[in-house]
Amino acid sequence: HDARVFDNNSPYKTFSTREMLEYVLDFNPDILGFSIVTLNALRTYDLLEKVREELPDLPIMAGGLHMSHCGAEAVVRGVNVVIRGEAENVILRLVEIMGKQGRGAEFSRPFMVTEDIDAVPLINWDVVDLRHFYPTIFPSVYNVVSTQRGCPYRCRFCADAFSHGRV
């Protein structure tokens, strides 16, 4: 599969909805995926609306922490399939199914946690434009990239710990 990553969560480079839409249209993917967190949900839904206007039959999947609690919200906004929990165990099979069936594909899998985190491959940084994650005037400054691997704590106020018993 020819996969690309377009990350619009950098503190140093932010793209407009129009720029992100142009990127999607130029790439013309077979399937479009989003990682949605609460902070980017509204901008993502705005982009989804524009993508649906241009590519109404494009299968769209979404994962991310926000989907653990608000998956139905994404479906109403145009997402075909929501992935809750870890995606490593299901993503390739899901891409196969969506590629064959397109819109309306159904995929059901119980919430799964990757028990052996060392079995998960490291991030392929070649698909991410790291220039967007450090300021050009201080190229030696480092930044943090959050991969949402969960949390070992069980805070009383955490909805994820409440929903699943563990993160």
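1. Trp-125 first: in this predicted model, Trp-125 sits in the loop that runs between helix H4 (91-101) and helix H5 (159-164). With a relative accessible area of 38%, Trp-125 comes out as partly exposed, since that label covers values between 20% and 50%.

2. Trp-125 also has nonpolar company on the surface. Together with Ile-123 and Leu-130, Trp-125 forms a nonpolar patch there, and the accessible area of the three adds up to about 260 Å².

3. Now for the strands. E1 (residues 32-35) shows an alternating pattern: the side chains of Leu-32 and Phe-34 point to one face and are buried, whereas Gly-33 and Ser-35 point to the other face and are not buried.

4. What does E1 pair with? Its partner is strand E2 (residues 60-63), in the parallel sense and over four bridges. If you want a spot to look at, take Ser-35, whose bridge partner in E2 is Gly-63. Add helix H2 (residues 41-54) to E1 and E2, and you have a right-handed β-α-β unit.

5. Have a look at Gly-78 too, in the loop between helix H3 (67-76) and strand E3 (81-82). Is Gly-78 buried or exposed? Gly-78 counts as buried because its relative accessibility is 16%, and the cut-off for buried is under 20%.

6. As for what surrounds Gly-78: setting aside neighbours within four places in sequence, Gly-78 is in contact with Arg-52 and Ile-60. Tyr-45 is 33 residues away from Gly-78 in sequence, yet the C-alpha to C-alpha separation of this pair is 8.1 Å.

Technical notes: Residues are numbered from 1 along each chain as its sequence is written. This is a predicted model: local features need pLDDT of at least 70, side-chain atom pairs count only at pLDDT 80 or more; totals for chains, interfaces and linings use all residues. Side-chain values use heavy atoms; hydrogens and water are left out. Patches are made of residues with over 30% relative accessible area and no salt bridge: like charges are joined within 9 Å, nonpolar side chains (Val, Leu, Ile, Met, Phe, Trp, Tyr) within 5 Å. Accessible areas come from the Shrake-Rupley method with a 1.4 Å probe; for residues, only the protein chains shown count as cover. A salt bridge is a side-chain nitrogen of Lys or Arg within 4 Å of a carboxyl oxygen of Asp or Glu. Helices (H or I, at least four residues) and strands (E, at least two) are DSSP runs, numbered from the N terminus. Buried means under 20% relative accessible area, exposed over 50%, partly exposed in between (1.4 Å probe, protein chains only). Two strands pair if DSSP finds at least two bridges between them. A crossover is right-handed if, with the strands pointing away from the viewer, the path from the first strand over the helix to the second runs clockwise. Contact means heavy atoms within 4.5 Å.
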